[in-house]
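Please look through the sequence and the model shown here, and then follow the explanation below, which takes up the cysteines before turning to the strands.

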Amino acid sequence: MAHSDLNELLNALLLMAEMLLTKHGEFYPIGAIMLSDGEIRHVGAKIEGDDHPPSQPLIDLLTETFQKEATKGKLRAAGICYDVLTVPPGKHQKQDSICCGLEHCLGEAVDVFEPYVRKEDGKPQYGEIFAAKRTPQFFCQIPRG
């Protein structure tokens, strides 16, 4: 990743996701933002009346929240972290991965994946991190010039 802000967000999100996976064996989508002054804050999403919501509505809620905050000029970067199935480079089968969708106000957008498998003791063992370009969703309404 080129921008150090995105690296900071990635580290914060992966640390939280790995802790939740180790402790609970799963995690709901989580977010993190970097404010214009560089402060990082973790962000959660909750759907009233649903203690076990599907992941996509939570991702949608976080995305909508980040879009609103970005258009107000309050965010320098934002990211959403969730569990996915993906085929890592050099592999032929899908496997569980932590995905962090990261975006910067300057236009950089990337999905970063950290594959994992559960060992016999139930603890996750992580594979090699890889990344792919992503279509901006949080900062897409901001004119750049």
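How many disulfides does the count come to by this rule? In this predicted model, a disulfide requires a pair of cysteine sulfur atoms within 2.5 Å, and by that rule the count comes to zero. Cys99, to begin with, takes part in no disulfide, and the nearest cysteine sulfur, which belongs to Cys100, lies 6.6 Å away. The sulfur of Cys100, in turn, has its closest cysteine sulfur in Cys81, at 3.6 Å, and because a disulfide needs the two sulfur atoms within 2.5 Å, this distance is too far for a bond. Neither absence goes with an open position in the model: Cys99 is buried, with a relative accessible area of 1%, and Cys100 is likewise buried, with a relative accessible area of 0%.

The strands give these cysteines their setting, and strand 3, which covers residues 75-86, is a useful place to start. Strand 3 is mostly covered, since nine of its twelve residues are buried. Strand 3 is joined by six bridges to strand 1, made up of residues 30-35, and the two run antiparallel; within this pairing, Met34 has Ala77 of strand 3 as its bridge partner.

Strand 3 is also joined to strand 4, which spans residues 95-104, here by ten bridges and again in an antiparallel arrangement. In this second pairing, Ile80 stands opposite Gly101 of strand 4. As a general point for reading such strands, the side chains of a regular strand alternate between the two faces of the sheet.

Conventions
Residues are numbered from 1 along each chain as its sequence is written. This is a predicted model: local features need pLDDT of at least 70, side-chain atom pairs count only at pLDDT 80 or more; totals for chains, interfaces and linings use all residues. Side-chain values use heavy atoms; hydrogens and water are left out. Buried means under 20% relative accessible area, exposed over 50%, partly exposed in between (1.4 Å probe, protein chains only). Helices (H or I, at least four residues) and strands (E, at least two) are DSSP runs, numbered from the N terminus. Two strands pair if DSSP finds at least two bridges between them.
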